[in-house]
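Reader: I am new to this structure and would like a close look at a single part, the aromatic rings and what lies around them. Could you take me through that part slowly, and then go on to the cysteines and the open spaces?

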Amino acid sequence: MDYPKLRSIDIFPFEAAGQKAIGLRDPAVMNDRVLVISYPAFFVVSLFDGTRSLLDIKAEYMRKYGEIIFTEQLEEMVKQLDENYLLESERYQTYRVQMEGEFRRAEIRGAAYAGNSYEAEPGVLTEQIEGFFTDPRGPGKPGPEKAASSIKGLIAPHIDFQRGGPCYAWAYKELAESAPPDLFIILGTVHLPALNPFILTKKKFETPFGVIDTASDIVDNLAEQLPFDPFQDEILHKTEHTIEFQTVFLSYLFGDTARFRIVPVLCGSFHDVIAGGLAADKKPHLSDFISCLREVVRKSGCQSCYIASADLAHVGQRFGADAAPSPATLMDVELQDRAMLSHAERLDAEGFCNFIQRERDRRNICGLPPIYALLSAMDAREGKLLDYRQAVEPEGGSAVTFASMVFR
């Protein structure tokens, strides 16, 4: 630990009681703990890159602040970070091996966010979700009538229910008023680094309403045809919320979970596509996966529906900007978001990706991978934007945008 190295974690500024601070959190360690440190302390932590010794860090701190930081202080910071599994260390590696082993042996992926991001008790959760439909921003309760055309796909947010619940409801009202599919391919965003562009699991998904069955036969068939191991980073399913949030709504709508199955797919980053100016279908293994997925689902004979669990822009200080987004900035973001989504309405996967590529992803669109995969894989004729929202966080000086869409 003489050369401490910070892991890839969430780092975000916030203000509490008039004091500015930095929060550190590892979303892969599911302990809901945020380590709060001061700005000078964060300067020190930012030097924990594995190449600097504690002596080097002391020297850089002196040059920055003109003050001495004692070795004992640095050692205490290292200890605190390591206790929270925020450093690359023997302690973290031991914990990760244990965590991965337990997850691989489990048959069911537990409801990681029940009682935190949404209510854990079924009756209370029912009331919570019904409130999203009847909220002034929501679409109203689903009616008994069924649409003539079946739903081929949905885009729904993956932002927390407290901020995005009514927007979710717009997508799921469409589903409730259509003939129910018996297979849902849920394309979730993965918020941690992954070795491959898509990650599968055969685990069933627990919700407060019951356990949802995963179509393990379809997952196996898909995995056998791929040129990479889609289970290599399966551990990322453990704490990623983007698929879990969609399963909660599906269980709420259909109740009897035996009526449908899911194929859970986490989608990795398209950073190399954006940064390298590549065509998305040239990304290694991407087109292979999408073509195999499309064919395997078709051959299954199931009435299928694709769901892209996707938020849109992430702007402001929490996401690397120098300042909080102004009203004018948010208006511009909305214009760009709607122009981008118009490509999705036209089922133009390449146009959707190219739009983000042309602006060098300056709005940080985290939903690019699942939306691109949905547009490329599903068999639909048209898309429709149902609802668009922006969640502004004044304390963090940032905003997240999201939308609901339906495809028939």
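Author: Phenylalanine 270 counts as buried, at 3% relative accessibility, and tyrosine 372 also counts as buried, with a relative accessibility of 2%; both values, like the others here, are computed from a predicted model. The rings of phenylalanine 270 and tyrosine 372 have centres that lie 5.8 Å apart and planes that meet at 65°, and because an angle over 60 degrees counts as edge-to-face, that is the class of this pair. Phenylalanine 270 is found in the loop between strand E10 (261-267) and helix H9 (271-276), whereas tyrosine 372 belongs to helix H13 (residues 368-377), so the pair ties together parts of the chain that are 102 residues apart in sequence.

This pair belongs to a wider set, for the count of aromatic pairs comes to 20. Another of them joins phenylalanine 209 to tyrosine 252, with 6.4 Å from centre to centre and 50° between the planes, an arrangement classed as tilted. Here too the pair links distant parts of the chain, since phenylalanine 209 sits in the loop between strand E8 (204-207) and strand E9 (210-214), while tyrosine 252 is in helix H8 (residues 241-254), 43 residues apart. Phenylalanine 209 is partly exposed, with a relative accessible area of 22%, whereas phenylalanine 270 is buried. Ring pairs also link Tyr113, Tyr118, Phe132, Phe161, Tyr168, Tyr172, Phe245 and Phe249 into a cluster.

Some rings have a charged group over them. The charged end of arginine 7 is placed over the ring of tyrosine 92, at 3.7 Å from the centre of that ring, and lysine 203 lies over the face of phenylalanine 103, with 4.9 Å to the ring centre.

The cysteines can be taken next. The structure holds zero disulfides, and the distance between two cysteines helps to show why: the sulfur of cysteine 267 has its closest cysteine sulfur in cysteine 366, 11 Å away, which is too far for a bond when a disulfide needs the two sulfur atoms within 2.5 Å. Seen from the other side, the cysteine sulfur closest to that of cysteine 366 is the one in cysteine 267, again at 11 Å and too far for a bond. Cysteine 267 is buried, with a relative accessible area of 1%, and cysteine 366 is buried as well, at 18%, a value that falls under the 20% limit for that class.

There remain the open and enclosed spaces. The largest pocket holds about 1800 Å³ of space, and of the 45 residues that line this pocket, Asp10, His191, His241, Arg318 and Phe319 are the closest to its centre. The elements that give two or more residues to the lining are strand E1 (10-16), H8, H9, strand E12 (311-316) and H13. The largest share of the lining, three residues, comes from E1, and the lining as a whole divides into 21 nonpolar, 13 polar and 11 charged residues.

As for enclosed space, the structure holds two cavities of 30 Å³ or more. The second largest cavity has a volume of about 40 Å³, and its lining is made up of Ala28, Arg96, Met99, Leu192, Ile235, Leu236, Lys238 and Thr239. These lining residues divide into five nonpolar, one polar and two charged.

Key: Residues numbered from 1 in each chain as written. Predicted model: local features only at pLDDT ≥ 70, side-chain atom pairs only at ≥ 80, totals over all residues. Heavy atoms only, no water. 1 Å grid on protein atoms, 1.4 Å probe; cavity = no way out; pocket = protein on both sides within 12 Å on 5 of 7 lines; lining within 4 Å. Points joined across faces, edges and corners; volume = space filled by probe spheres on them. Nonpolar A, V, L, I, M, F, W, Y, C, P; charged D, E, K, R; others polar. Buried < 20%, exposed > 50% of the residue type's maximum accessible area, 1.4 Å probe, protein only. Phe/Tyr/Trp six-rings, centres within 6.5 Å; stacked < 30°, edge-to-face > 60°. Helix = DSSP H or I, 4+ residues; strand = E, 2+ residues; numbered from the N terminus. Lys NZ or Arg CZ within 6 Å of the ring centre and 35° of its normal.
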